Amino acid sequence: MADFVAVATRVALPEGATLAVQYAGDAVGLFNVRGTIYAIGNICTHAYAELHQGYVDDDDCTVDCPLHGARFSLKNGAHFTLPAVRDVRVYHVKVDDEMIWIAPAD
Amino acid sequence: MSVDANDLAFDYSKYGFRQEENYVFKSGKGLSEAVVRELSAMKGEPEWMLKRRLQALDIFNKKPTPVDGAWGNPDLLDLNYEDIHYFVRAGDKPATDWDAVPEEIKNTFERLGIPEAERKFLAGVGAQYESEVVYHSLREEWSKLGVIFLDTDTALKEQPEMFKQYFGTVIPSADNKYAALNTAVWSGGSFVYVPKGVHVDIPLQAYFRINAENMGQFERTLIIIDEGASAHYIEGCTAPVYSTNSLHSAVVEIIVKKGGKFRYTTIQNWANNIFNLVTKRAVAYEDASMEWVDGNIGSRLTMKYPSVYLMGRGARGEVLSVAYAGKGQHQDAGAKMVHNAPDTTSVITNKSVSKGGGKTTYRGLVKVHPGATGAKINVNCDALILDDKSKSDTIPYIEVEESKVTLAHEATVGRIGEEQLFYLMSRGISEAEALSMIVLGFMEPFTRELPMEYAVELNRLIQLEMEGSVG
């Protein structure tokens with residue numbers, strides 16, 4: 001499994017917030033949903049847009065791409081709606097007292 | 001010999017009549033959160049739908065009007081969103097018996113021939129007047145087989161789980177500005193579910209009528225064809241002519257599951273003051289087949305690109321469309337095919353005729369994703385320009401990211417040849433008849449796919465449009 005890398009401080013991502021970071025040069029979006037932190041590929045697979053700027057549904061744990069509305073699961077990166085036809089990458093998340101760490105799940 | 005299109009007023013008497021406005025409710029002009037909340041409350045909707053509407057309103061307000069760019073159109077600048085009534089309720093609830101429909105509305109649909117068509121050759125009928133459906137019925141033989149054919153408002157109440165599962169999954173609110181607008185203020189439309197293995201072998205039809213001036217009609221249609229099932233749905237649209245603009249902005253979402261077959265036929269004959277901005281998209285899974293048969297006559301501006309997302313091996317999509325643009329009209333129509341699985345097939349056939357200063361545009365997209373090996377695509381666009389004042393543009397986008405693909409694109413633009421006319425006239429046919437005959441022949445690949453009654457009607461409409469084309 002790939003190494004965990006610290007990508008942000010915990011204070012930078014309070015509950016309800018999102019953040020764009022990088023892992024080995026790849027864009028990753030961090031999402032704090034009701035205290036749980038999720039990390040998925042940050043670029044929509046349909047057209048270029050950053051998912052962390054999209055609408056997050058706390059109940060369904062999904063994010064809608066701000067450009068055309070394609071919906072992705074924050075838990076596993078699966079696409080739930082068109083116009084996206086591919087999933088985004090998903091990352092494991094670890095949190096310590098200060099930092100948020102991520103590593104690709106695949 | 002001279003062939004000159006003139007500005008003959010189209011005989012719109014069958015469609016152009018208007019009824020007195022006698023409504024249960026009519027919202028004020030303009031769009032606001034209050035209008036959306038009021039609409040949702042009047043319909044007694046669940047909280048999640050109100051939330052979805054408000055989110056869509058926010059998206060609509062933030063998205064710029066697409067006047068330029070790949071899919072933009074500067075004609076949209078003439079559309080004033082503040083001058084439109086977004087919700088007009090004409091009756092109390094959909095009737096299942098024509099006798100229960102308010103008299104004036106019933107008269108409208110009788111003049112349009114809908115009850116007669118239902119008796120003769122339809123499995124079910126929905127009739128929408130302004131914002132809501134006033135009549136809806138399905139023959140008992142089909143309901144016994146588990147077929148569901150409801151107006152969309154009723155479906156939200158009676159089929160809440162299936163509705164929530166599929167609503168907005170094919171066309172999200174943020175897909176484009178007009179999909180967001182529709183999601184914010186949608187009302188009426190059809191909901192169809194055909195269970196596994198059921199073949200509805202005679203058509204279901206919905207008819208959409210705008211009567212009021214400065215009216216916005218935003219029907220929402222959701223169709224689910226389950227595994228191995230098949231159906232054919234027909235929609236017709238008309239409105240009277242007013243001096244100010246009205247807006248029709250529908251969203252149609254279709255899901256065709258494994259081995260299913262579905263055809264969606266549109267015969268649209270809007271008055272020349274209607275902005276017709278429609279998003280239609282289908283998703284076809286393994287070995288499924290989806291066909292859009294799309295006839296566009298009338299409207300001030302139509303922007304419509306029916307799409308099929310081919311998501312399973314062996315899926316097939318087809319768009320067969322015609323557009324006729326007369327004076328002051330722009331038919332900006334096309335198709336989108338997205339291949340995302342191996343051995344998928346798509347066919348786009350687009351035919352357009354422009355006359356008297358009208359403009360037609362074919363705008364289309366073919367996208368092949370990596371891994372869609374063996375995809376076969378055939379795109380064919382033919383434009384006929386009848387005079388020097390008229391225009392036609394062809395804007396095909398093709399994005400192929402897979403090497404093992406067969407793609408053919410063919411486009412022709414032309415005028416009616418003098419020798420064709422001469423040949424027909426030498427057989428004793430008048431110039432006007434000859435011209436009409438050539439145009440109908442040009443459209444024939446489309447009309448032959450329609451049920452007989454619709455083909456006759458469409459030919460008659462085109463003949464009426466063509467009258468006086470000889471100077």
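User: How are helices H10 and H11 of chain B oriented relative to each other, going by an angle of about 120°?

Analyst: This is a predicted model, so everything here is computed from it. H10 covers residues 418-425 of chain B and H11 covers residues 431-447, and their axes lie 9 Å apart at an angle of about 120°. Roughly perpendicular stops at 115 degrees and roughly antiparallel starts over 145. The pair H10(B) and H11(B) is therefore oblique.

User: Which hand does the crossing of H10(B) and H11(B) have, left or right?

Analyst: We're still on the pair whose axes sit 9 Å apart. The crossing of H10(B) and H11(B) is right-handed.

User: And which class of residue makes up that contact, with how many of each?

Analyst: H10(B) brings Gln420(B), Leu421(B), Leu424(B) and Met425(B), while H11(B) brings Glu431(B), Ala434(B), Leu435(B), Met437(B) and Ile438(B). Sorted by class, the contact of H10(B) with H11(B) comes out as 7 nonpolar, 1 polar and 1 charged.

User: Zooming out, how does the radius of gyration of chain B sit against the globule rule, and what is its value?

Analyst: Chain B has 12 helices and 24 strands. For its 471 residues the globule rule gives 23 Å, and chain B comes close to that, so it is as compact as a globular protein of that length. Its C-alpha trace spans about 65 × 55 × 45 Å along the principal axes. The radius of gyration of chain B is 22 Å.

User: What share of the contacts in chain B with a separation of 6 or more is down to residues 24 or more positions apart?

Analyst: For context, 52% of the 471 residues of chain B count as buried. As for those contacts in chain B, the share from residues 24 or more positions apart is 82%.

User: Over to chain A: what pattern does it follow along the sequence?

Analyst: Chain A has 0 helices and 9 strands, so there's just one symbol to string together. Reading along the sequence, the pattern is β-β-β-β-β-β-β-β-β.

User: What radius of gyration does chain A have, set against a compact globule of 106 residues?

Analyst: The C-alpha trace of chain A spans about 40 × 25 × 20 Å along its principal axes, and buried residues make up 39% of the chain. A compact globule of 106 residues would have a radius of gyration near 13 Å, and chain A agrees with that, at 13 Å.

User: How many residues of chain B are in contact with chain A?

Analyst: Chain A puts 13 residues into the contact. That side of chain A divides into 8 nonpolar, 3 polar and 2 charged residues. On the other side, the number of chain B residues in contact is 15.

User: Where's the cis peptide bond in chain A, the one with omega of about 5°?

Analyst: Look in the loop between strand E7 (71-73) and strand E8 (90-95) of chain A, where Pro83(A) lies. With omega at about 5°, the cis bond joins Leu82(A) and Pro83(A).

User: Arg34(A) and Ser299(B) each have a positive phi without being a glycine; which counts as buried and which as exposed?

Analyst: Arg34(A), with phi of about 50°, is in the loop between strand E3 (26-33) and strand E4 (36-41) of chain A. Ser299(B), with phi of about 80°, is in the loop between strand E15 (289-298) and strand E16 (301-304) of chain B. Buried takes 20 or more C-beta neighbours within 10 Å, and exposed takes 12 or fewer. With 9 neighbours Arg34(A) is exposed, and with 27 the buried one is Ser299(B).

User: What about Tyr81(B): how does its exposure class come out?

Analyst: Tyr81(B) lies in the loop between helix H3 (47-62) and strand E2 (88-89) of chain B. It has 15 C-beta neighbours inside 10 Å, so Tyr81(B) counts as partly exposed.

User: His85(B) is in the loop between H3 and E2 of chain B; how far is its C-alpha from that of Glu213(B)?

Analyst: His85(B) is buried, with 22 other C-beta atoms within 10 Å. Leaving out residues up to four places away in sequence, its contacts include Lys26(B), Ala212(B) and Asn214(B). His85(B) and Glu213(B) are 128 residues apart along the chain, and their C-alpha separation is 8.6 Å.

Methods
Residues are numbered from 1 along each chain as its sequence is written. Chains are lettered from A and ligands numbered from 1 in the order in which they are written. This is a predicted model: local features need pLDDT of at least 70, side-chain atom pairs count only at pLDDT 80 or more; totals for chains, interfaces and linings use all residues. Helices (H or I, at least four residues) and strands (E, at least two) are DSSP runs, numbered from the N terminus. The radius of gyration is taken over C-alpha atoms; the globule rule is 2.2 Å times the number of residues to the power 0.38. Axes are lines fitted to C-alpha atoms, for helices over the stretch in contact, and angles run from 0 to 180 degrees between N-to-C directions. Angles under 35 degrees count as roughly parallel, over 145 as roughly antiparallel, 65 to 115 as roughly perpendicular and the rest as oblique. A crossing is left-handed if the near helix is turned anticlockwise from the far one by less than a right angle, and right-handed if clockwise. Two residues are in contact if their C-beta atoms, placed from the backbone, lie within 7 Å. Ala, Val, Leu, Ile, Met, Phe, Trp, Tyr, Cys and Pro count as nonpolar, Asp, Glu, Lys and Arg as charged, and the others, Gly among them, as polar.
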